[in-house]
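Grab a coffee and open the viewer. Below you'll find some short exercises, each with a worked solution.

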Amino acid sequence: MQSSLPMVPQQHSPDAARAGSYAASTVELGDLKRILVRRRFWIFGTVALLTVVALLYGLFTPALYSSAAEILIDPQDLQVVTNDVNPSRISPDGGITQVESQVSVVQSTGVLMRAIAATNLTQDPEFNGQGLLSRLLGSASAEGDRSVQTLDALRRRLAVKRADKVLVLDVIVTAKSADKAALLANAIAQAYLVDQASARAKMARDASESITARLDEQRKRVQQAENAVEAYKSANNMVMAAGNLVSDQELTEINTQLAAAQSRTAALKAQVDQMRRQSGTADATSEAMRSAVISSLRAQEATLVDQVSQLGTELGPRHPSLIAAQQQLRDTRQLIARELGRIATATETDYERALANQQALEAKVAGMKSKSLDTDQASVRLRELQRDLEALRSVYSNYLQRAQETREQINVDSTNARIISNAMPALKKSWPPLPLLLLGAIFGGLGLGTGLALIAEYSSPTVLSSAQMQSAIDAPVLGVVPANSGTGWRWWPFGASSAAASSQKTDAVVGLALRRMFSSGQRPADWPLVPSILVTSSPGEGAQRSRVARLLANAAASRGSRVLFIDANAGGDQKDPQPGILDVLRGEYAFEAVSHYAAGSNVAVLGRGRSKAVFQEAHGIYFAQQMLARASRSFELVVIDGGALADNLNASPLVAMADEIVLVATLNATPMRDVTTTAQAVSVMGRLPTAALLVDEAA
């Protein structure tokens, strides 16, 4: 730090170069404990207030009881009929979405109004809004308003829940009476089942009425289509039999007859041709082979041939028996020849007759084909009319069947839901849960109180850490001094007794602070002014500042140094003060004349002196420099209690000449605005704080 007086070399702590590396912070997480301890009354007060409120609420609030009825809902409805109006389709999530939607159905107005009507709840003052207060005020609601109020009150007391991964709905009702809560829960569950059955019956009834209303229209359309078909057939002379045109049936039959006639003619022609190839004999034809007469004559012929051969061998050629046998053989062969001739003649006759029949059928088919061509042109339109008629008949038949099915479904309940557990009166009240309220009040009060404490700290921050202090004054913190628990330490004398009053930890912190202030080596060895430390603080930290200044003087004296302690504090209350530092700065006294050694110590004390006259700052600086130069002959250190510089402008010459300006603050007690005000006062006097010492009252 550079002084406004160039002749005064400034001492810097080794940590001074690092002071700017600390980030500015108002409240750090590590200081949360200090904040909570300091503002513990906010927290405890909030906890106590909320606990009392919760206790009063739990004691004076009327008890409420809850009862639950359980409804099992299967997403797959009962399959009573094949074509149900409400087809059962399970969603990919296993029906969870369908069951979840039933939560809203249970809480719907229709279901709740059924339950209200079933339990006559509109006459219950607990739900109809006609309590004692309303009667005292003289307000009366209409029947419609009462129903609305009852519905709203029941909704507030109703909770419908579904546990995870189950298809069961819990209908929970809360009331002032356990029996009433159970009654309402069962009534709502039953009303839900009735509502579902009624809704499905209404859907079936509406569907049946809608389909029935369309039947007359469909019937008229079928009649119109039938009349169109009949009119078209009459206009085109198209007679139908068994669903087909008579002309088509006749043509089909004649074609069949013609095919048979052609086959017979071809067979007979083959026989005739075969006989003609055999020179008119039919001996080898198939007809001859199949003829029983021919077969019998052939057998007789064979017998006679054997007989003639035998008689010719035994009797000779002229024997009458042989001659008679030969005559019989000739007669038999003539009969065979006449029979074969008759067969040939019959075959030719059959062929001619079959050929004539074939020709007649061919002529008839040719005539009917020409007529069928005309009929086929008209059949194209007829088939189109018939297709329209069949489509209308099919639609009409479906409508008629569906109307009958839906009419029957009106009285069939396919809802697959049932009450698996009726609500029972509760044995314990569900509200208010006093232990839970108290526990919540305690923890809520802790949280709220902590929040209020942090808000209060944020709105009026205090010094919480060394890093925060270093960021505020841009100078290093030399250490944290534990606070003294005694009450008379402010007026410590300098000597052995005062040293004994200081703890070992305090001595270590103060000694280390002295070493850090004068270990930089920037002060020339032959510098004529004695090393000096000015201790200052905010106006509210006078006691801690005076203690720290005396601790610094005692620490140096305990290590063998001769110390001049200057008390420039403006807070002295002496009625007739002795000459002191103010008299020295005015040039009226030499410091040797007004200072005195404390008994049994190496510390000389120079009091504040008299402030009867105001001196010029330039004169004060001159005499301060002279004092420090002469003090270097007898002392190794000067410790100055500069007081609160914001209120002690007479100490400005000492500020200008001091090597170190140490700002004292109390952790978690000194407001940051006071620290800023003090640093600004030092800046106005031409200097900046070079270091800080913190006092920890919790140590």
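The exercises go from a sheet to salt bridges, then to the surface and the backbone. Keep in mind that this is a predicted model.

**Exercise 1. The sheet**

Work out in which order the four strands of the open sheet lie, and which strands are at its edges.

*Solution.*
- Step 1: Trace the sheet from one side to the other, and you get β2-β3-β1-β6, with antiparallel pairing.
- Step 2: Look for strands that pair on one side only; these are β2 (158-162) and β6 (417-421), the edge strands.
- Step 3: Check the twist. Ignoring direction, neighbouring strands in this sheet are turned by 30° against each other on average.
- Step 4: Zoom in on the pair β1 (residues 65-73) and β3 (residues 168-175), which run antiparallel and are joined by eight bridges. To get your bearings there, find Ile71, which has Leu169 of β3 standing opposite.

**Exercise 2. The helix across the strands**

Find out which strands helix α8 lies across, and at what angle it runs to β1.

*Solution.*
- Step 1: Select residues 178-235, which make up helix α8.
- Step 2: List the strands that the helix lies across: β1, β2, β3 and β6.
- Step 3: Compare directions, and α8 turns out to run at about 20° to β1.

**Exercise 3. Salt bridges inside one helix**

Explain why Lys202 and Asp206 are about one helical turn apart, then find how Glu217 and Arg214 meet.

*Solution.*
- Step 1: Start with Lys202 and Asp206, a salt bridge whose closest N and O atoms are 3.0 Å apart.
- Step 2: Count along helix α8. The two residues are four apart, so about one helical turn separates them.
- Step 3: Ask how open the pair is. Lys202 has 47% relative accessibility and Asp206 has 36%, so each of them counts as partly exposed, the class between 20% and 50%.
- Step 4: Move on to Glu217 and Arg214, whose side chains meet in a salt bridge at 2.7 Å, N to O. These two also sit in helix α8, three residues apart, again about one turn of the helix.
- Step 5: Run the accessibility check on this pair: Glu217 is partly exposed at 37%, and Arg214 is partly exposed at 31%.
- Step 6: Go back to Lys202 for a look across the fold. The C-alpha atoms of Lys202 and Asn411 are separated by 10.0 Å, with the two residues 209 apart along the chain.

**Exercise 4. A salt bridge between loops**

Which parts does the pair Glu636 and Arg562 tie together?

*Solution.*
- Step 1: Confirm the contact. Glu636 and Arg562 form a salt bridge, with the closest N and O atoms 3.1 Å apart.
- Step 2: Place both residues. Glu636 is in the loop between α20 (617-631) and β12 (637-643), while Arg562 is in the loop between α17 (542-558) and β9 (563-567), so the pair ties together parts 74 residues apart in sequence.
- Step 3: Check the surroundings. Glu636, at 36% relative accessibility, is partly exposed, and so is Arg562, at 34%.
- Step 4: Look for a network as well: Asp124, Glu126, Arg157 and Lys180 are joined into one by salt bridges that share partners.
- Step 5: For the overall tally, a search of the whole structure gives 16 salt bridges.

**Exercise 5. A nonpolar patch**

Identify the residues that make the nonpolar surface patch of about 500 Å².

*Solution.*
- Step 1: Pick out Val52, Leu55, Leu56, Leu59 and Phe60, which make the patch.
- Step 2: Locate Val52, one of them, in helix α2 (residues 40-60).
- Step 3: Look up its accessibility: Val52 is partly exposed at 46%.

**Exercise 6. Two positive phi angles**

Decide whether Asp474 and Asn668 are buried or partly exposed.

*Solution.*
- Step 1: Recall the background: most residues other than glycine have a negative phi.
- Step 2: Take Asp474, which has a positive phi of about 55° although it isn't a glycine. Asp474 is in the loop between α14 (466-473) and β7 (477-482), and at 44% relative accessible area, Asp474 is partly exposed.
- Step 3: Take Asn668, also not a glycine, with a positive phi of about 60°. Asn668 is in the loop between β13 (660-666) and α22 (672-684). Its relative accessibility is 9%, and buried means under 20%, so Asn668 counts as buried.

Note on methods:
Residues numbered from 1 in each chain as written. Predicted model: local features only at pLDDT ≥ 70, side-chain atom pairs only at ≥ 80, totals over all residues. Heavy atoms only, no water. Pairing = 2+ DSSP bridges. Axes fitted to C-alpha atoms, helices over the stretch in contact; angles between N-to-C directions. Contact = heavy atoms within 4.5 Å. Salt bridge = Lys/Arg side-chain N within 4 Å of Asp/Glu carboxyl O. Buried < 20%, exposed > 50% of the residue type's maximum accessible area, 1.4 Å probe, protein only. Patch = residues over 30% accessible without salt bridge, like charges linked within 9 Å, V, L, I, M, F, W, Y side chains within 5 Å. Areas by Shrake-Rupley, 256 points an atom, 1.4 Å probe, with all protein chains shown as cover.
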